[in-house]
Amino acid sequence: MVHHNYSNISDLSHPSAIPTIIHSDKKNKQMTTDKTAKQKTGIFNKMTFPVRIKIKQITGIFLALQLTLDLCHAEDPVRRPKNIILMIGDGMGIAQIQAAMTVNKNKLNIERCTHSGFSKTHSASDYITDSGAGGTAIATGQKTKNQSIAVDTNGRPLTTILEIAEMEGKATGLVATSSIVHATPASFIAHVNNRNNYEEIALAFIKTDIDVFIGGGIRFFSSRKDKRNLIDELKTKGYTITYTISAADSVKNGKLACLTAQEHNPSIIEDRGNYLPMATATAIRLLNQNPTGFFLMVEGSQIDWGGHEKNQKKVITETLDFDRAVGIALDFAEADSNTLVIITADHETGGMSIVDGNIKKGTVQTRFALNDHTGVMVPVFTYGPGAELFSAIYENTEIFEKMLLLQSKIK
Ligand code: MG
Ligand code: ZN
């Protein structure tokens, strides 16, 4: 395992993250600890301290977000992290984790987490979610229709946790093993009705002030129907562009767009190598230069594809790769002690089960019930300040609510 030195915090000043376009149509949404709000937002039932969150819209297109959290009379105060690293194993249910753990001689980095819970994954339109609605629920706190990307059931844009982090002056990043405009990463930055509108999703990376993004998808930036070259536009906006993860490793500071494939990166079986752990380390190293903190989403995108293919080897190798990236994030969080790491999935894929195994030999025998997503709850593992809030069974939308409470400013 490569060891990265995170103590080398440079003096990069993060550009002011005052937003120019905020995607929200919420009208003076106000949540308090009164009874009405408690009924609406399940998280408040579980909080052990008084909480007040106020979200205010100033004009139709400009939203100022004022979040306050009153910890004055806390009996059991929850410590709030400076940074949040959200890691999504697409299609990663319990069996995928167990299979990878067995092959790895009964040990995973995920086990270093101190708390765990379960997320209920159904979407607004379907008992079985897709990655668009699943990602949107986690990114925005709202259930939506399958295929939707950070828009509500009427197609109206929903503010994402990444956009809120930007508004609060934090650095933000997205990392995926798929194309960076694929449904899961897209749910944190784009607002489109159809997840397949990849060229439209790519435009979101021009409109926002995301600091680091690493994934495939070159062609959606540079070979477009509208003839725009978004890679040139990113350069103009001050991004360093790299096309390999090793080139990204030598970027010292500033904004980074690392696009490593025309569409998706290869799988581990096809020799993707150390890409995801390296991308995770690079993103953390660059984002951590912002003194206000950062929000980073890292996706192990292809665990899901192994499930769709009923391909045990693919599921296990992709889950082990994801777990190596989890190890990088947890190494940082342990040293930093001010970072919350959340590891979860958008849904399970394959109805995978384990029918036999041998820990000593590191072998496992699995079965798949189908070649699609299933409706079972998925695990949530957490480490760091606020980790204890995730020990329960809740809707996937509550992952957003908990992140929002923990990420946003104390009054
Ligand atoms: Mg995905
Ligand atoms: Zn899928």
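1. Start with His-373: this residue is buried, with a relative accessible area of 9%. Bear in mind while reading that we're looking at a predicted model. His-373 matters for this note since its NE2 atom is one of the protein donors of the zinc ion (ligand 2). The other donor histidine, His-308, is partly exposed, with a relative accessible area of 29%.

2. What does the zinc ion (ligand 2) have around it as protein donors? Asp-304 gives two OD entries, while His-308 and His-373 each give NE2, and these donors lie 2.0 to 2.3 Å from the ion. Along the chain, they follow the spacing D-x3-H-x64-H. The two histidines tie together distant parts of the chain: His-308 sits in helix α12 (residues 303–308) and His-373 in strand β15 (residues 373–374), 65 residues apart.

3. Next, the geometry of that site. The angles among the 4 donor atoms run from 57 to 148°. Four donors count as tetrahedral if all angles lie between 85 and 135 degrees, and the site of the zinc ion (ligand 2) is irregular. For reference, the ideal angle for four tetrahedral donors is 109.5 degrees.

4. On to the nonpolar interior. The largest nonpolar core has 55 residues, and those with the most contacts inside it are Leu-174, Phe-188, Phe-213, Phe-221 and Phe-295. Helix α7 (residues 198–207) gives the most to this core, with 7 residues. There's also a second, separate core of 53 residues, which includes Cys-258, Phe-294, Val-298 and Phe-332.

5. Phe-213 is a good residue to click on. Setting aside neighbours within four places in sequence, the contacts of Phe-213 include Leu-174, Ile-180, Phe-205, Phe-221 and Leu-234. Also on the list are Tyr-239, Leu-256, Ala-257, Cys-258 and Leu-259.

6. How many disulfides are there? The count comes to 0. As for individual cysteines, Cys-258 is buried, at 0% relative accessibility. Cys-113 counts as buried too, because its relative accessibility is 13% and the cut-off for buried is under 20%.

7. Last, a look at Glu-233, which is found in helix α9 (residues 230–236). Is Glu-233 buried or partly exposed? Glu-233 is partly exposed, with a relative accessible area of 24%. Beyond neighbours within four places in sequence, Glu-233 is in contact with Ile-206 and Arg-228. Glu-233 and Ile-206 are 27 residues apart along the chain, and their C-alpha atoms are separated by 7.3 Å.

Notes. Residues numbered from 1 in each chain as written. Chains lettered and ligands numbered in written order. Predicted model: local features only at pLDDT ≥ 70, side-chain atom pairs only at ≥ 80, totals over all residues. Heavy atoms only, no water. Donors = N, O, S within 2.8 Å, 3.2 Å for Na, K, Ca; no water. Tetrahedral: all angles 85-135°; square planar, octahedral: opposite > 155°, others 65-115°. Helix = DSSP H or I, 4+ residues; strand = E, 2+ residues; numbered from the N terminus. Buried < 20%, exposed > 50% of the residue type's maximum accessible area, 1.4 Å probe, protein only. Core = buried A, V, L, I, M, F, W, Y, C linked by side-chain atoms within 4.5 Å. Contact = heavy atoms within 4.5 Å. Disulfide = S-S within 2.5 Å.
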